[in-house]
Amino acid sequence: PIGVCLSVDPADGAALSRMGGFRFPIGVDLTTRSTASPVDSAIAEAYDIDLLPRLVVTDRRRRVRRIVNDPFYTPDDLRKLVREQLDGGQG
């Protein structure tokens, strides 16, 4: 797995990953550091992201498997979603 942080603060993605006990890399879309909401980013456009935070879980072929629009999802929620995808579950 890999995470991509579209936040203006690139530390947000890494902090969430650490809180959840994950060790996968977190990429940063540097174009989002100089934009306001909605983010102006090719990644945001590809996954139809207009508000943050949004969690998009994809499979290895980058097909969207789950979208979470709840800004209050917990590290345990994230862990469950990632584990389901790694185990081949469809959610």
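This is a short viewer tour of one predicted chain, going from its overall layout to its core, pocket, hairpin and salt bridges.

**Before you click**

The model is predicted, so local features need pLDDT of at least 70 and side-chain atom pairs count only at pLDDT 80 or more, while totals for chains, interfaces and linings use all residues. Residues are numbered from 1 along each chain as its sequence is written, and side-chain values use heavy atoms, with hydrogens and water left out.

**Stop 1: the whole chain**

Start with a cartoon view. You should find three helices and four strands, where helices (H or I, at least four residues) and strands (E, at least two) are DSSP runs numbered from the N terminus. Trace the chain along its sequence and the pattern reads β-α-β-α-β-β-α. Now colour by accessibility: buried residues make up 29% of the 91 residues. Here buried means under 20% relative accessible area, exposed over 50%, and partly exposed in between (1.4 Å probe, protein chains only).

**Stop 2: the core**

Select Phe22, Phe24, Leu55, Val57, Val68, Tyr73, Leu78, Leu81 and Val82: these nine residues form the largest nonpolar core. Such a core is a set of buried Ala, Val, Leu, Ile, Met, Phe, Trp, Tyr and Cys residues joined through side-chain atoms within 4.5 Å. Two elements, β3 and α3, each give two or more residues to this core, and the largest share, three residues, comes from α3. In soluble globular proteins, nonpolar side chains tend to be buried together.

Zoom in on Phe24, in the loop between α1 (11–19) and β2 (26–28). Phe24 counts as buried because its relative accessibility is 16%. Add Ile2 to the selection: Phe24 and Ile2 are 22 residues apart in sequence, yet their C-alpha atoms are 5.6 Å apart in space.

**Stop 3: the largest pocket**

Ile2 comes up again here. Along with Gly3, Val4, Leu55 and Val56, Ile2 is among the lining residues nearest the centre of the largest pocket, which is lined by 33 residues in total. Its elements with two or more lining residues are β1 (3–5), α1, β3 and α3. Which of them gives the largest share of the lining? That is α1, with six residues.

The space in this pocket comes to about 1,200 Å³. On a 1 Å grid over the protein atoms alone, a pocket is an open set of points where a 1.4 Å probe fits, with protein on both sides within 12 Å along at least five of seven lines; lining residues have an atom within 4 Å of a point. Grid points are joined across faces, edges and corners, and the volume is the space filled by probe spheres set on the points.

Colour the lining by class and you get 22 nonpolar, six polar and five charged residues. Ala, Val, Leu, Ile, Met, Phe, Trp, Tyr, Cys and Pro count as nonpolar, Asp, Glu, Lys and Arg as charged, and the others, Gly among them, as polar.

**Stop 4: the β3–β4 hairpin**

Show side chains on strand β3 (residues 55–58). They alternate: Leu55 and Val57 point to one face and are buried, whereas Val56 and Thr58 point to the other and are not. β3 pairs with β4 in the antiparallel sense over four bridges; strands pair if DSSP finds at least two bridges between them. Look across from Val56 and you'll see Ile67 in β4.

Next, click on Arg62, in the loop between β3 and β4. This hairpin has five residues between its strands. Arg62 has a positive phi of about 65 degrees although it is not a glycine. Most residues other than glycine have a negative phi. Arg62 is exposed, because its relative accessible area is 62%.

**Stop 5: the salt bridges**

Finish with the charges. The whole structure has three salt bridges, each a side-chain nitrogen of Lys or Arg within 4 Å of a carboxyl oxygen of Asp or Glu.

- Glu84 and Arg66: 3.2 Å, N to O. Glu84 sits in helix α3 (residues 75–86) and Arg66 in strand β4 (residues 64–68), 18 residues apart. Glu84 is partly exposed at 22%, as is Arg66 at 26%.
- Glu84 and Lys80: 4.0 Å, N to O. Both lie in helix α3, four residues apart, about one turn. Lys80 is exposed at 54%.
- Asp87 and Arg83: closest N and O atoms 3.5 Å apart. Asp87 is exposed at 56%, and Arg83 partly exposed at 46%.

As a last selection, take Arg66, Lys80 and Glu84, which shared salt-bridge partners join into one network.
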